[in-house]
Amino acid sequence: MADRYMYLPLAGVALAVAWGMPALLPSFRYRNALLGTAAGAAVLSLAAATFFQARYWKDTATLFSHALLVTENNWMAHGILGSLAFREGNLVEAESRLRESMRIRPEPVAMVQMGNILLAKERAAEAEALYRNAIRIRPSEAMAHYNLGLLLAKRDLAREAIAEYHEALHHSPDDFRILTSLGTALLRTGNL
């Protein structure tokens, strides 16, 4: 990620070089030719570096796969690649990536995503444990409350589900999914 932002700290270095080089060569006979050649070489080398670096920014999967190659213990890259794999329906890779992400850094967002994968694999008890653990670590994690509510609603525990939906709405009041699920649960309990 830092590559993107290097232009800011390097602006001062670029100005120092641009203004400093002519000052170092005030009376050199071939000063303009040398500075022009150096500037041209710098532009060509930066263009080449940009060409090669831009390949990694092709798409999210390419970017974060490259991030894993050049970093260690990158929980975020594993988590994002796991989420992408889940969206593509590759549950095996998604689970592997998210488990690695959680091993490196047990983030509630990854726990919620892993819970969703486990639900897709019909492992509801493990999913519930992950949702509850995510809530324990970060009580404001709206999606953990929401997904736990969905799980409870499937078990016909509407009142418990309603409590989780209310908590999710407390942290994400405009989420239409939570509002819809809450409305459905209230309807099931006869609370029109």
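The exercises below, each with a worked solution, concern a predicted model of one protein chain.

**Exercise 1. The fold as a whole**

Determine how many helices and strands the chain has, and then decide whether the chain is spread out or compact.

Solution. Begin with the secondary structure: the chain contains ten helices and zero strands, so its pattern, read along the sequence, is α-α-α-α-α-α-α-α-α-α. Next, compare the radius of gyration with the globule rule: the value for the chain is 26 Å, whereas the rule gives 16 Å for 192 residues, and the chain is therefore more spread out than a compact globule. The box filled by the C-alpha atoms, taken along the principal axes, is roughly 90 × 35 × 25 Å. To complete the picture, 29% of the 192 residues count as buried, and, among contacts between residues at least 6 apart in sequence, 38% join residues at least 24 apart.

**Exercise 2. The surface and its charges**

State what share of the accessible surface belongs to carbon and sulfur atoms, and how far apart the mean positions of the positive and negative charges are.

Solution. The accessible surface of the chain comes to about 12400 Å², and carbon and sulfur atoms account for 62% of that area. For the charges, take the 20 positive and the 18 negative ones as two groups, whose mean positions lie 7 Å apart.

**Exercise 3. The surroundings of N74**

Locate N74, decide whether N74 is buried or exposed, and list its contacts beyond four places in sequence.

Solution. First, N74 is found in the loop between α3 (60-70) and α4 (75-87). Second, its relative accessible area is 19%, and because buried means under 20%, N74 counts as buried. Third, the side chain of N74 forms a polar contact of 3.2 Å with the side chain of T71. Finally, when residues up to four places away in sequence are not counted, N74 touches A67, L68 and I104.

**Exercise 4. Positive phi values in two loops**

For E122 and D156, find the loop in which each residue lies, give its phi, and decide whether it is buried or exposed.

Solution. Start from the general expectation that most residues other than glycine have a negative phi. E122 lies in the loop between α6 (108-120) and α7 (124-137), and its phi is near 60°, a positive value. With 73% relative accessibility, above the 50% cut-off, E122 is exposed. D156, in turn, lies in the loop between α8 (142-154) and α9 (158-171), and its phi is likewise positive, near 60°. The relative accessible area of D156 is 64%, so D156 also counts as exposed.

How values were computed:
Residues are numbered from 1 along each chain as its sequence is written. This is a predicted model: local features need pLDDT of at least 70, side-chain atom pairs count only at pLDDT 80 or more; totals for chains, interfaces and linings use all residues. Side-chain values use heavy atoms; hydrogens and water are left out. Helices (H or I, at least four residues) and strands (E, at least two) are DSSP runs, numbered from the N terminus. Buried means under 20% relative accessible area, exposed over 50%, partly exposed in between (1.4 Å probe, protein chains only). A polar contact is a pair of N or O atoms within 3.5 Å; within protein, one must be able to donate a hydrogen and the other to accept it, and residues adjacent in sequence count only if both atoms are side-chain atoms. Contact means heavy atoms within 4.5 Å. The radius of gyration is taken over C-alpha atoms; the globule rule is 2.2 Å times the number of residues to the power 0.38. Accessible areas come from the Shrake-Rupley method with a 1.4 Å probe; for residues, only the protein chains shown count as cover. Lys and Arg count as positive and Asp and Glu as negative; His and the chain ends are not counted. The place of a charge is taken as NZ of Lys, CZ of Arg, CG of Asp or CD of Glu.
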